[in-house]
Amino acid sequence: MLRAAVRGSRLCPALLRAPFSAAAASPIPAPNPRPDVAYSKIFINNEWHDAVSKKTFPTVNPATGEVICQVAEGDKADVDKAVKAAQAAFQLGSPWRRMDASQRGKLLNRLADLIERDRAYLAALETLDNGKPYAISYLVDLDMVIKCLRYFAGWSDKFHGKTIPLDGDFFCYTRHEPVGVCGQIIPWNFPLLMQAWKLGPALATGNVVVMKVAEQTPLTALYVASLIKEAGFPPGVVNIIPGYGPTAGAAISSHMDIDKVAFTGSTEVGHLIQKAAAQSNLKRVTLELGGKSPNIILSDADMDWAVDQAHFALFFNQGQCCCAGSRTYVQEDIYNEFVERSVEKAKARVVGNPFDFKTEQGPQVDEEQFKKILGYISTGQREGAKLLCGGSPAADRGYFIQPTVFGDVQDSMTIAREEIFGPVMQILKFRTIEEVIERANDSKYGLAAAVFTRDLDKANFVSQSIRAGTVWINCYDVFGAQAPFGGYKASGNGRELGEYGLEAYVEVKNVTIKIPQKNS
């Protein structure tokens with residue numbers, strides 16, 4: 001999902017071309033490939049609990065397929081406990097409700113400091129549980145987590161209401177009040193970062209949180225829970241439940257005492273959450289869902305840069321990005337050269353042990369994703385796309401897949417319409433800008449897009465014509481906590497990050513007072 005963060009707002013080109021030569025030269029500590037797991041229970045009211053059912057589930061190292069540890073399996077009963085704790089923390093007169101907004105910011109900054117203190121440990125734990133390369137965990141994910149929390153810490157005492165010049169002898173103003181109990185359901189592809197994206201705006205605006213973390217990757221979120229307590233957040237303000245979507249996630253979505261739910265994940269599950277919210281208490285819903293993002297390469301683009309960026313747009317994070325550039329449209333007069341160079345780059349990509357600094361691509365997150373991606377590759381071949389490289393498992397154990405490139409892809413093919421969420425690049429040919437805009441928009445998704453060209457007029461025309469929440473010009477996956485992110489159409493509703501990301505977490509209250517006499 002992200003580009004970031006070695007220096008400035010994005011990975012340097014050297015890191016893209018030779019990913020870890022730059023990493024090795026950076027002040028990055030050597031990883032511990034076997035970090036101790038300190039926390040595996042449910043976090044409610046600043047305390048650790050077994051599941052009410054006493055059930056546990058295994059979390060697995062995707063590089064080996066081996067079980068790391070057993071984790072408490074939360075379900076509806078645990079969600080009910082967490083909601084009660086959150087409600088108590090949100091009562092009028094509670095320490096959290098009476099806390100100065102600036103102090104909320106101090107707590108968020110303190111949490112960011114603690115995450116920075118434990119950065120190497122968290123990066124190693126993220127890599128162990130998720131499979132992404134350790135250097136990426138450390139240099140990209142953790143960097144952006146820290147920046148996100150500090151960014152929203154700064155908003156804590158700055159997102160406020162207005163006075164309104166109402167006609168007559170009245171004093172009118174608005175208050176931005178917290179929504180209340182916020183259910184948050186985060187995915188497995190960027191566990192730490194998605195936790196920060198959700199917690200930052202919710203806590204800055206004074207809400208309380210019941211968070212369900214993905215069953216594939218619960219470990220780092222639970223460790224952060226311990227840091228939330230250490231930072232000084234009052235009991236019940238943040239509650240974290242590992243568990244499954246159909247049980248714990250469904251309980252959050254349909255809970256009558258949860259005021260808002262935020263979800264990042266698949267469009268299919270997004271439908272279920274919105275339906276559950278509507279059928280329960282009409283809770284607010286923000287959804288950041290799937291994508292099939294078009295990456296448009298015009299014939300006047302800088303070929304070297306466009307090939308690098310298109311490779312990065314698709315293969316970053318093992319292809320497990322909701323905004324991956326998964327439909328690469330290339331203008332016909334440069335198509336053959338672009339395809340040839342993209343295949344060379346994919347063949348040279350280093351797949352292997354995610355704790356090795358030379359590794360560019362780790363395993364997929366679990367066996368289910370592994371099999372799903374291989375199934376899409378088989379479908380692509382069956383439907384007539386030309387497999388140019390890859391297409392098979394990349395190791396005897398673990399969930400590694402070879403970087404895969406398809407050419408001669410048609411818009412009607414399954415691999416060009418459905419979200420694969422893996423290291424599978426599809427390259428399509430087009431003739432004119434008008435044609436490619438129509439084809440790019442012919443999708444149920446609208447999360448992101450990009451265009452590569454030296455012509456600013458063409459770039460502006462394309463960016464204004466594509467129906468997507470984010471459009472990058474001559475770059476891809478450039479993210480910052482300051483800039484909003486979210487989708488059109490079936491890619492979701494609402495925005496995360498930036499000032500826009502605060503809006504879903506406040507109620508705007510209008511207060512009007514009769515006064516003896518108004519003066520300008």
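**Exercise 1.** In which helix is the place of Ala-278? Classify its exposure and compare its separation from Gly-487 in sequence and in space.

*Solution.* The structure is a predicted model.
- Step 1: Ala-278 has its place in helix H11.
- Step 2: The relative accessible area of Ala-278 is 46%. Buried requires a value under 20% and exposed one over 50%, so Ala-278 is partly exposed.
- Step 3: Ala-278 and Gly-487 are separated by 209 residues in sequence, and their C-alpha atoms are 20 Å apart in space.

**Exercise 2.** Determine where Val-261 is placed, whether Val-261 is buried or exposed, and which residues surround it.

*Solution.*
- Step 1: Val-261 belongs to strand E10.
- Step 2: The relative accessibility of Val-261 is 0%. Since the limit for buried is under 20%, Val-261 counts as buried.
- Step 3: When residues up to four places away in sequence are set aside, Val-261 touches Gly-183, Ile-185, Ile-252, Ile-273, Lys-283, Arg-284, Val-285 and Thr-286.
- Step 4: Gln-274 lies 13 residues from Val-261 in sequence, with a C-alpha to C-alpha distance of 9.0 Å.

**Exercise 3.** Describe the burial of strand E8, its pairing with strand E7, and the packing of helix H10 against these strands.

*Solution.*
- Step 1: Strand E8 spans residues 208-213, and 6 of its 6 residues are buried.
- Step 2: In a regular strand, side chains alternate between the two faces of the sheet. In E8, one side carries Val-208, Val-210 and Lys-212, and the other carries Val-209, Met-211 and Val-213; all of these are buried, and both faces are covered.
- Step 3: Strand E7 (residues 181-185) pairs with E8 in the parallel sense over 5 bridges. Within this pair, Ile-185 stands opposite Lys-212.
- Step 4: Helix H10 (residues 245-254) has as its buried residues Ala-248, Gly-249, Ala-251, Ile-252 and Ser-253. These residues pack against E7 and E8, and also against helix H3 (76-89), strand E10 (260-264) and helix H11 (267-279).

**Exercise 4.** Establish the relative direction of helices H6 and H9, and characterise the residues of their contact.

*Solution.*
- Step 1: The axes of helix H6 (residues 119-130) and helix H9 (residues 219-231) come within 8 Å and cross at roughly 150°.
- Step 2: Angles over 145 degrees count as roughly antiparallel; H6 and H9 are therefore roughly antiparallel to each other.
- Step 3: H6 contributes Tyr-121, Leu-122, Leu-125, Glu-126 and Asp-129 to the contact, while H9 contributes Leu-219, Thr-220, Tyr-223, Val-224 and Leu-227.
- Step 4: By class, the residues of this contact comprise 7 nonpolar, 1 polar and 2 charged.

**Exercise 5.** Identify the residues that touch the most other members of the largest nonpolar core, and examine the surroundings of Ile-240.

*Solution.*
- Step 1: The largest nonpolar core has 137 residues; Leu-111, Ile-115, Leu-203, Phe-233, Ile-240 and Phe-338 touch the most other members.
- Step 2: Helix H7 (residues 134-155) gives the most to this core, namely 15 residues.
- Step 3: Another core, of 30 residues, lies apart from it and includes Leu-298, Ile-420, Ala-459 and Ile-466.
- Step 4: Beyond its neighbours within four places in sequence, Ile-240 contacts Ile-42, Phe-43, Gln-195, Met-211, Val-213, Ala-221, Leu-222, Ala-225 and Ile-228.

**Exercise 6.** Give the strand order of the open sheet of 7 strands and locate the helices H14 and H16 with respect to the sheet.

*Solution.*
- Step 1: The order is E14-E15-E16-E13-E12-E18-E19, and the pairing is mixed.
- Step 2: Strands E14 (386-389) and E19 (470-473) are the edge strands, each pairing on one side only. From one strand to the next, the twist averages 25°.
- Step 3: Strand E15 (residues 404-407) pairs with strand E16 (residues 424-430) in the parallel sense over 3 bridges. Val-405 stands opposite Met-425 in E16.
- Step 4: Helix H14 (residues 367-382) lies across E14, E15 and E16, and runs at about 25° to E15.
- Step 5: Helix H16 (residues 433-441) packs on the sheet and touches strand E12 (294-297), strand E13 (327-331) and E16; the directions of H16 and E16 make an angle of about 140°.

Key:
Residues are numbered from 1 along each chain as its sequence is written. This is a predicted model: local features need pLDDT of at least 70, side-chain atom pairs count only at pLDDT 80 or more; totals for chains, interfaces and linings use all residues. Side-chain values use heavy atoms; hydrogens and water are left out. Two strands pair if DSSP finds at least two bridges between them. Helices (H or I, at least four residues) and strands (E, at least two) are DSSP runs, numbered from the N terminus. Axes are lines fitted to C-alpha atoms, for helices over the stretch in contact, and angles run from 0 to 180 degrees between N-to-C directions. Contact means heavy atoms within 4.5 Å. Angles under 35 degrees count as roughly parallel, over 145 as roughly antiparallel, 65 to 115 as roughly perpendicular and the rest as oblique. Ala, Val, Leu, Ile, Met, Phe, Trp, Tyr, Cys and Pro count as nonpolar, Asp, Glu, Lys and Arg as charged, and the others, Gly among them, as polar. A nonpolar core is a set of buried Ala, Val, Leu, Ile, Met, Phe, Trp, Tyr and Cys residues joined through side-chain atoms within 4.5 Å. Buried means under 20% relative accessible area, exposed over 50%, partly exposed in between (1.4 Å probe, protein chains only).
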